[in-house]
Amino acid sequence: MSGREGGKKKPLKAAKKATKEMDDDEMAFKQKQKEDQKALDALKTKAAGKGPLTGGGIKKSGKK
């Protein structure tokens, strides 16, 4: 048995799904999701520029 013959066979490509028409409600919902995602990404980049939020905690003295 060669390595190519063993295991599951790959299925043939599935037919593309028919594109359904979107009404105004779905279009508005998708647009709102995109805007929310952009706002979230902007907040993530803004927060990444700053240092860690926690400044307290147990401090190590440096002595060994």
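1. Aspartate 36 and lysine 32 lie four residues apart in helix α1, which covers residues 24-48, so about one helical turn separates the two. This placement is read from a predicted model.

2. Aspartate 36 and lysine 32 form a salt bridge, and their closest N and O atoms are 3.4 Å apart. That distance counts because the rule asks for a side-chain nitrogen of Lys or Arg within 4 Å of a carboxyl oxygen of Asp or Glu. By this rule the count for the model is one salt bridge.

3. Are the two partners buried or exposed? Aspartate 36 has a relative accessibility of 43% and therefore counts as partly exposed. Lysine 32, at 49%, also counts as partly exposed.

4. As for the whole protein, its secondary structure consists of one helix and zero strands. The helix that holds aspartate 36 and lysine 32 is α1.

5. The protein has 64 residues, and 0% of them count as buried. Its accessible surface is about 7500 Å², with 57% of that area belonging to carbon and sulfur atoms.

Technical notes. Residues are numbered from 1 along each chain as its sequence is written. This is a predicted model: local features need pLDDT of at least 70, side-chain atom pairs count only at pLDDT 80 or more; totals for chains, interfaces and linings use all residues. Side-chain values use heavy atoms; hydrogens and water are left out. Buried means under 20% relative accessible area, exposed over 50%, partly exposed in between (1.4 Å probe, protein chains only). Accessible areas come from the Shrake-Rupley method with a 1.4 Å probe; for residues, only the protein chains shown count as cover.
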